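Me: I have a structure open and some of its labels puzzle me. Could you help me see where they come from?

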Protein chains: 2
Amino acid sequence: MIMQKYKEIGLKLTPQRLAILKFLEGNTDHPSADEIFRAVSEQFPTMSFATVYSTLDALRDKGRLLELTIDPGKKRFDPCTEHHHHLICISCKKIVDVKQQFNLDLPEGVKGDFSITGNHIEFYGVCPDCRRAIN
Amino acid sequence: MIMQKYKEIGLKLTPQRLAILKFLEGNTDHPSADEIFRAVSEQFPTMSFATVYSTLDALRDKGRLLELTIDPGKKRFDPCTEHHHHLICISCKKIVDVKQQFNLDLPEGVKGDFSITGNHIEFYGVCPDCRRAIN
DNA sequence: GTACGTGCAAAGGTTTTGCATTACA
DNA sequence: TGTAATGCAAAACCTTTGCACGTAC
């Protein structure tokens, strides 16, 4: 169960943190801190932003969470930590996971002596719902 | 010259806008709005954020500028509008252009009926300067 | 018991907005 | 001259911080 699983993280488990972890578990909506705050506040009316942010920071530092820099003006969070990419609807901003692998080797010259540690692709498009709305 | 070139954009040309355009011309630093504001303020001490932001918005809408969502917490702007990617130093946050092309076709199933309009790769790494500093 | 988490409020940083004034075309 | 840009200040957002109190371990 969820307690068991998150004992391994190495953080103190509080009811607030469990609620955040539960909300994120399997969530594919790439929620913002504010969305997480509002969802968890229903259960913990005294929840504060400080707690949400500090928990998210801690989970990110432990590698249990990805902080996405996809949305101008706010961070989004992704509980799926396996390497993957994202497809974003340019109309409604919906974000969908893309788990396919791509060959993204950079030739020596292009790298300019950077040592490459990772990559992330953002695909842009129009989702079915928005395409229907336009037509 | 620059006036000639930017008459085609279809915006009213003011001294302030020319100064912004000149600052961006050939700039590969991917500056933030604040950096642009500070640079252009030296020439126009009365320059305001409103003017910088509205000019950047207008240029972006005219396709003369890319708004990069690479830096959490602030927008960065790129005057190079040909399709390219970016290599980001995870230590000093320096951003370098990557003009190589990649084959990023998505199979039908993955697309989930999205119509794809574009893509952008972020490469992460450590730049030579930062690697030297660490060693 | 102690270190760490929580909650509140205030502050910090970036971007947006309203409105009167100014200037391009 | 008419429309659009500018400048200023305030507000709106998102995120971070300080500190007193509370709680997991």
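Me: Why is A:Ile9 called buried or exposed?

Reply: A residue is buried under 20% relative accessible area, exposed over 50% and partly exposed in between, using a 1.4 Å probe and protein chains only. A:Ile9 has 8% relative accessibility, so A:Ile9 counts as buried. This is a predicted model, where local features need pLDDT of at least 70, side-chain atom pairs count only at pLDDT 80 or more, and totals for chains, interfaces and linings use all residues. Residues are numbered from 1 along each chain as written, chains are lettered from A and ligands numbered from 1 in written order, and side-chain values use heavy atoms, without hydrogens and water.

Me: Which residues does A:Ile9 touch?

Reply: Leaving aside residues up to four places away in sequence, A:Ile9 touches A:Leu21, A:Leu59, A:Lys62 and A:Arg64. Contact here means heavy atoms within 4.5 Å.

Me: What makes B:Thr46 a polar contact of DNA strand D?

Reply: A polar contact is a pair of N or O atoms within 3.5 Å; within protein, one must be able to donate a hydrogen and the other to accept it, and residues adjacent in sequence count only if both atoms are side-chain atoms. A polar side-chain atom of B:Thr46 is 2.9 Å from a phosphate oxygen of DNA strand D. For the side chain of B:Gln16, an N or O atom is 3.0 Å from a phosphate oxygen of that strand, and for B:Thr51 the distance is 3.2 Å.
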